[in-house]
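Student: Could you take one part of this structure and walk me through it closely? I would like to see how such a part connects to what is around it.

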Amino acid sequence: MDEKIQTRQQKIYEIQYSVEASKNNAVKALSYSTQVMTAVVDYVKRSQVELVKVIQTRREKTETEAERFIKELEGEILQIKQNNVQLNQVSLDSDAFSFLERSPCLTIPPLQVKDWSDVTLNIDQFAMQDALTKFETTVMREVRMLCDPHLKEMQQHAVDVTLDPDTAYPSLFVSEDGKQVTPGDRKRNLPNKPQRFDHVLNVLAKEGFSTGKFYYEVQVKDKTQWDLGVASKSINRKGDIRLSPKNGYWTIWLRKGNEFTANDSPAIDLHVTEIPQKVGVFVDYEGGQVSFYDVDARSCIFSFTGCNFTEELFPLFSPSAYDGGKNSAPLVITPVKCTS
């Protein structure tokens, strides 16, 4: 008994030490994040000032060059006009003998003009929108991976999602309230309805969406494998399925407890600081976006962008295989509580 007490007392000390270490790490993280964010903001502000100067300098240079070209062109026009006047005076002499008599004395100088066909002003020097847009996208993407400040706005589009048992693979158990799906260790003998998946461990929601924005959250705690995302209404539900946008699936999955993948074409390995316990899924139908969030960390895991949705989308869930009990926990659709 004394040994058991001592063991548990030691565990208390370890937990207390971990809590204290966590506090210290949090203080360091706050300090470091403040320093880094301040440095980034300061750098962007200084860069903006310098960029304004560069643009103004380029504009002034272009205007000076244009003025020089115009002045030179006007000089050539004047020279041409003067020659033209002299030639016109000669051409008005209708007496051939008089013209021949005067011709040796003509002093019309040759035109000193240049070929202007290849002379242009460089206006592409101000075409920096693409670079700035890329900069904005890169910065926002990296920040969102740490903590997305827009998650609260997306949570405002929360919808009530329930699972459709008629679509569930026969080894999956859907709760009566339609909020949980649990993997079973064997396939049941269920009617093979047209809407039911017969080869992969998927289940769809009853609710479909073909406009606007929607958001929902799924608890994935204690699971080593799962799939989440949305699927088009016309997806193939029979036989083997390859998850990819070209097949009507926009999903991510977890494998082996720590391997994250976005099922794009080709697949993309995802790197997260910790395995999420709750995943938020946000869809902007008209905006062509499907995003996945670690709700507790308030960070973006991955986003499909530039999607072209043409039909109704249904939330898709897969608790994956039972795996001898190692992956027996359910996927749970949870009420959305907006982060403060």
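Which strand pairs with β11 in the antiparallel sense, and over how many bridges?

Tutor: Happy to help! First, a word on what you are looking at: this is a predicted model, in which local features need pLDDT of at least 70 and side-chain atom pairs count only at pLDDT 80 or more, while totals for chains, interfaces and linings use all residues. Residues are numbered from 1 along each chain as its sequence is written, and side-chain values use heavy atoms, with hydrogens and water left out.

Now to your strand. Strand β10 (residues 289-294) pairs with β11 in the antiparallel sense, over 5 bridges. Strands here are DSSP runs of E with at least two residues, helices are runs of H or I with at least four residues, and both are numbered from the N terminus. Two strands pair if DSSP finds at least two bridges between them. Within this pairing, Ser291 stands opposite Ser303 in β11. The two strands form a hairpin with 4 residues between them, and in this hairpin Arg298 takes a positive phi near 55°.

Next, look at the sheet around this hairpin. It is an open sheet of 7 strands in the order β1-β2-β13-β4-β9-β10-β11, with antiparallel pairing. Its edge strands are β1 (172-174) and β11 (299-304), each of which pairs on one side only. Neighbouring strands of the sheet are turned by 20° against each other on average, direction ignored; for such angles, axes are lines fitted to C-alpha atoms, for helices over the stretch in contact, and angles run from 0 to 180 degrees between N-to-C directions. Elsewhere in the sheet, strand β2 (residues 180-183) and strand β13 (residues 331-334) pair in the antiparallel sense over 2 bridges. There, Gln180 stands opposite Val332 in β13.

Is β11, as an edge strand, buried or exposed? In β11, 6 of the 6 residues are buried, so the strand is largely enclosed by the rest of the structure. Buried means under 20% relative accessible area, exposed means over 50%, and partly exposed is in between (1.4 Å probe, protein chains only). Cys300 is buried, with a relative accessible area of 4%. Cys307 counts as buried too, at 15% relative accessibility. Do these cysteines form a disulfide? That term stands for a pair of cysteine sulfur atoms within 2.5 Å, and the structure holds 0 disulfides. For Cys307, the closest cysteine sulfur is that of Cys300, and at 13 Å it is too far for a bond.

From here we can turn to the aromatic rings. A pair of aromatic rings is described by the distance of the centres and the angle of the planes. Rings of Phe, Tyr and Trp (its six-membered ring) pair if their centres lie within 6.5 Å; planes under 30 degrees apart count as stacked, over 60 as edge-to-face and the rest as tilted. A search of the whole structure finds 8 aromatic pairs. One of them joins Tyr216 and Phe317, with ring centres 5.9 Å apart and planes at 50°, so this pair is tilted. Tyr216 lies in strand β4 (residues 213-219) and Phe317 in strand β12 (residues 313-318), so the pair ties together parts that are 101 residues apart in sequence. Tyr216 and Phe317 are both buried. The rings of Trp226 and Phe260 have centres 5.6 Å apart and planes at 70°, so that pair is edge-to-face. Because Trp226 lies in strand β5 (residues 226-232) and Phe260 in strand β7 (residues 259-262), the pair ties together parts that are 34 residues apart in sequence. Trp226 is buried, and so is Phe260. In addition, Trp250, Tyr285 and Phe309 form one aromatic cluster.

Rings can also be partners for charges. A charge sits over a ring if NZ of Lys or CZ of Arg is within 6 Å of the ring centre and within 35 degrees of the ring normal. Arg188 lies over the face of Phe173, 4.1 Å from the ring centre. Likewise, the charged end of Arg255 sits over the ring of Trp253, at 4.0 Å from its centre.
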